[in-house]
Amino acid sequence: MNKDFIKEELDFLNESEELIQHILTKYSTSNRFKIDTFKERKIKSLISRCIQSEKEYLNEDPEEYYDMYCQDQNLN
């Protein structure tokens, strides 16, 4: 697997995390009766751990990662 693929996917994961975190912040701020500050932090931590796991998976086994998430890209 080439380094460009890994970099592109790492960028994608970073952008995805930023977007999800931003949306969560916006949502929780206007819905405190559903998500208090403690729960918001807990969810953000969960998101970070999930994304970090995906980054590790990508770096440890890029071919398997590709097969799982990216092979359909070639169909477009």
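## Ile35 and the loop between H1 and H2

In this predicted model, Ile35 is in contact with Leu24, Tyr27, Ser28, Glu40 and Ile43, once its neighbours within four places in sequence are left aside. Ile35 itself belongs to the loop between H1 and H2, and among its partners Leu24 and Ser28 are buried residues of H1, while Glu40 is one of the buried residues of H2.

Ile35 has a relative accessible area of 10%, and because buried means under 20%, the residue is classed as buried. Pro62, which stands 27 residues away from Ile35 along the chain, has its C-alpha atom 36 Å from that of Ile35.

## Overall architecture

The protein contains three helices and zero strands, and read from the N terminus its elements follow the order α-α-α. The C-alpha trace spans about 45 × 25 × 15 Å along its principal axes. The radius of gyration is 15 Å, whereas a compact globule of 76 residues would have a value near 11 Å.

Of the 76 residues in the protein, 26% are buried. When contacts between residues at least 6 apart in sequence are considered, 58% of them join residues at least 24 apart.

## Helix H1

Helix H1 covers residues 3–30, and its 28 residues should span 40 Å at 1.5 Å a residue; the C-alpha atoms at its ends are 41 Å apart, so the two values agree. The buried residues in H1 are Phe5, Ile6, Glu9, Leu13, Ser16, Glu17, Gln21, Leu24 and Ser28, a set that includes Glu9 and Glu17 as well as Phe5 and Leu13. These buried residues pack against two other elements, helix H2 (37–60) and helix H3 (62–69).

Ile23 also lies in helix H1, but with a relative accessibility of 48% it counts as partly exposed. Between Ile23 and Ser53, which are 30 residues apart along the chain, the C-alpha separation is 21 Å.

## Helix H2

For H2, the 24 residues should span 34 Å at 1.5 Å a residue, and the end C-alpha atoms are 34 Å apart, so that the expected span and the model agree. The buried residues of H2 are Glu40, Ile47, Ile51, Lys55 and Leu58, and what covers them includes H1 and H3. The packing described for H1 involves H2 as well as H3, and H1 in turn is among the elements that cover the buried residues of H2.

Asn59 is another residue of helix H2, and its relative accessibility of 47% makes it partly exposed. Not counting residues up to four places away in sequence, Asn59 touches Ile6 and Leu10, and of these two Ile6 is listed among the buried residues of H1. Gln73 is 14 residues from Asn59 in sequence, and the C-alpha atoms of the pair are 19 Å apart in space.

## Surface and charge

The protein exposes about 5,900 Å², and carbon and sulfur atoms supply 53% of that area. Its charged side chains comprise 11 positive and 17 negative ones, and the centres of these two sets lie 16 Å apart.

Terms used:
Residues numbered from 1 in each chain as written. Predicted model: local features only at pLDDT ≥ 70, side-chain atom pairs only at ≥ 80, totals over all residues. Heavy atoms only, no water. Helix = DSSP H or I, 4+ residues; strand = E, 2+ residues; numbered from the N terminus. Rg over C-alpha atoms; globule rule 2.2 N^0.38 Å. Buried < 20%, exposed > 50% of the residue type's maximum accessible area, 1.4 Å probe, protein only. Contact = heavy atoms within 4.5 Å. Areas by Shrake-Rupley, 256 points an atom, 1.4 Å probe, with all protein chains shown as cover. Lys, Arg positive; Asp, Glu negative; His and termini not counted. Charge placed at Lys NZ, Arg CZ, Asp CG, Glu CD. Expected span 1.5 Å × (residues − 1).
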